[in-house]
Amino acid sequence: MHAFQRPGRREFLGAVSGAALLGAVPTLARAAFIPDLELELRAAPDQVGILRGPATQVWRYHARVLQGDAGAVSTLPGSYLGPIIRVRRGMRVRIHFINQLPQPSVVHWHGMLVPEAMDGHPRFAVPPGGQIVYEFEITNRAGTYWFHPHPHGLTGTQVYGGLAGLLIVSDEEDRALDLPGGEHDLALVIQDRSFGPDNQLHYGSGGGMGGMMTRMAGFLGDHILVNGRPNAMLDVERRPYRVRLLNGSNSRIYKLAWNDGTPMTVIGTDGGLLAEPVQRPYVTLAPAERVELWVDFSARAAGDDLSLQSLAFAAQGGSMMGGMGGMGGMGGMGGMGGMGRMGGGAGALDQGASFSVLGLRMGSGAAVAGKVPARLAHIAPLQPEQAINLNNPRTFHVTAGGMAWGLNGRVFEMERVADDEVVRLGSTEVWQFVNEAGMGMMGGLPHPLHIHGVQFRVMDRRVHPQASSAWRSLSAGLVDEGWKDTVLLMPGERVRLLLRFADHPGLFLYHCHNLEHEDMGMMRNFLIRA
Ligand code: C2O
Ligand code: CU
């Protein structure tokens, strides 16, 4: 039953409970785990019709409720994506993952605070035909989390193939607000894909120079898909909606805005609701980031169309090389984006290009106006003075060594942590990420950085003067007010984060969520020592 027999370094696993660690865990702890919801989650090849013509071979998750609320799992009809799993804070879930892919795989619950053995670390990947049992209690705030594969070197391939689902958590605070629910609570996953002539997914990260350049830049597709559908169109009622957006793309960043210039009302980020709604002219959404919007369509005319756009921005920060300066200009032409295009073959959409994401059509029913709550959630004020290293932040530089991105000059090692990658359980620290790599040469690239095992707060950002015009083409859409697990680091930028390692001890990951960067090793372990 348990194909999960690679406990890795035992000293890291001693304090972990869960049935997946048979033998490493006291029997009592296992016996005490009575799940409120038990699922089977299979990853398997499948095919779906995406474009006109032949069906597309995909990989997808299939979930089945074995025990508990049958309504906890919903599918996205006609999509390779999903499922959507809805849970409540305090619930205990057990998920039997079955790998029916032709490659090793493992599931990471992105943003969730789970014991290390449940976190989908690549050292726990199971071979084709293997299984893992995940057990954890939902301790996160209400919010929009997601899950996806995390086998080393294959995450980009597997997510691109279709493997990603949403894990939506609710709690009492969230429910008491009476935000739009049911069919008025929309979850939208935005991705880009490229297709070959036979409608098959084209990843374009193969061998040779083209593949190398795609990996350095990250994959960029020329079709924008929402919930797995191209040219997505949504019929909506003239009333308020709660809209949850996930950027499920491998590398693409979106600068999301309504085509008529209506500001965006943001109510939540990666780690759940904000203290109060904030407005933005547009929302910047990097890979793996989530944002929740409150959108009121009630003032619009029946039958009207509205469109969610991604606006143009400059993806590259550099202007140090005179002639290449234009590459960092608006529109993001050339440079590494162009390299990605070369490698990707047919791709015609560079990083920073503008395009339409989703069309919305207003229904003809009576309009029902609503009001966004002025207060949303309790969020403790940022207390940087609690950090043990406020004036000496733990610093990670994005580095470019040869043809690979790294962190502090290092690339991923499956079971190793360096001395400066060990933190203390219960401590609060300032981490600082600095992205100055490659600025002189090609203008640098954006890197969305994700940290496992925590939800953190963004303290501040600072940008190098040479990169500030590119940075300003996106910065008004950053939402740093709430809890985050992924933060976009633009070229020339330094961001300071406040993290509290309060949840689970063990070996966790921090990495770039540009999945091609992650797969090439822009990922490291860090150890939360009890
Ligand atoms: Cu969403 Cu380590 O990843
Ligand atoms: Cu990166």
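**Figure 1. An open sheet of four strands in the predicted model.** In this predicted model, an open sheet of 4 strands follows the order β2-β1-β5-β7, and its pairing is mixed. Strands β2 and β7 form the edges, each of them pairing on one side only. From one strand to the next, the twist averages 20°.

**Figure 2. The pairing of β5 with β7.** Strands β5 and β7 run antiparallel and are joined by 7 bridges. Within this part of the view, R94 stands opposite E135, a residue of β7. Leaving aside neighbours within four places in sequence, Y134 is in contact with V93, R94, I95, F97, V106, V107, W109, M118 and G120, so that R94 can be followed here both as a contact of Y134 and as the residue facing E135.

**Figure 3. The largest nonpolar core and a second core apart from it.** The largest nonpolar core holds 34 residues, of which V87, F97, W109 and Y134 touch the most other members. Two or more residues come from each of the elements β1 (37–48), β2 (56–67), β4 (84–88), β5 (92–99), β6 (107–110), β7 (131–137), β8 (143–149) and β9 (165–170). Of these elements, β1 gives the most to the core, with 4 residues. Another core, of 33 residues, lies apart from the largest one, and its members include L188, V291, L308 and M362. In soluble globular proteins, nonpolar side chains tend to be buried together.

**Figure 4. Strand β6 and its partner β8.** Along β6, V107 and W109 point one way while H108 and H110 point the other way, and all of these residues are buried. Strand β6 is joined to β8 by 4 bridges, the two strands running antiparallel, and H108 stands opposite H148 in β8. W109 is also one of the residues that touch the most other members of the largest nonpolar core, and both V107 and W109 are in contact with Y134.

**Figure 5. The protein donors of the copper ion (ligand 2).** The copper ion (ligand 2) has as its protein donors H447 through ND1, C512 through SG and H517 through ND1, which lie 2.0 to 2.1 Å from the ion. In sequence, these donor residues of the copper ion are spaced H-x64-C-x4-H. C512 counts as buried because its relative accessibility is 0%, and H517, with a relative accessible area of 0%, is therefore buried as well.

Definitions and conventions. Residues are numbered from 1 along each chain as its sequence is written. Chains are lettered from A and ligands numbered from 1 in the order in which they are written. This is a predicted model: local features need pLDDT of at least 70, side-chain atom pairs count only at pLDDT 80 or more; totals for chains, interfaces and linings use all residues. Side-chain values use heavy atoms; hydrogens and water are left out. A nonpolar core is a set of buried Ala, Val, Leu, Ile, Met, Phe, Trp, Tyr and Cys residues joined through side-chain atoms within 4.5 Å. Buried means under 20% relative accessible area, exposed over 50%, partly exposed in between (1.4 Å probe, protein chains only). Contact means heavy atoms within 4.5 Å. Two strands pair if DSSP finds at least two bridges between them. Axes are lines fitted to C-alpha atoms, for helices over the stretch in contact, and angles run from 0 to 180 degrees between N-to-C directions. Donors are N, O and S atoms within 2.8 Å of the metal (3.2 Å for Na, K and Ca); water is not among the atoms, so sites may look incomplete.
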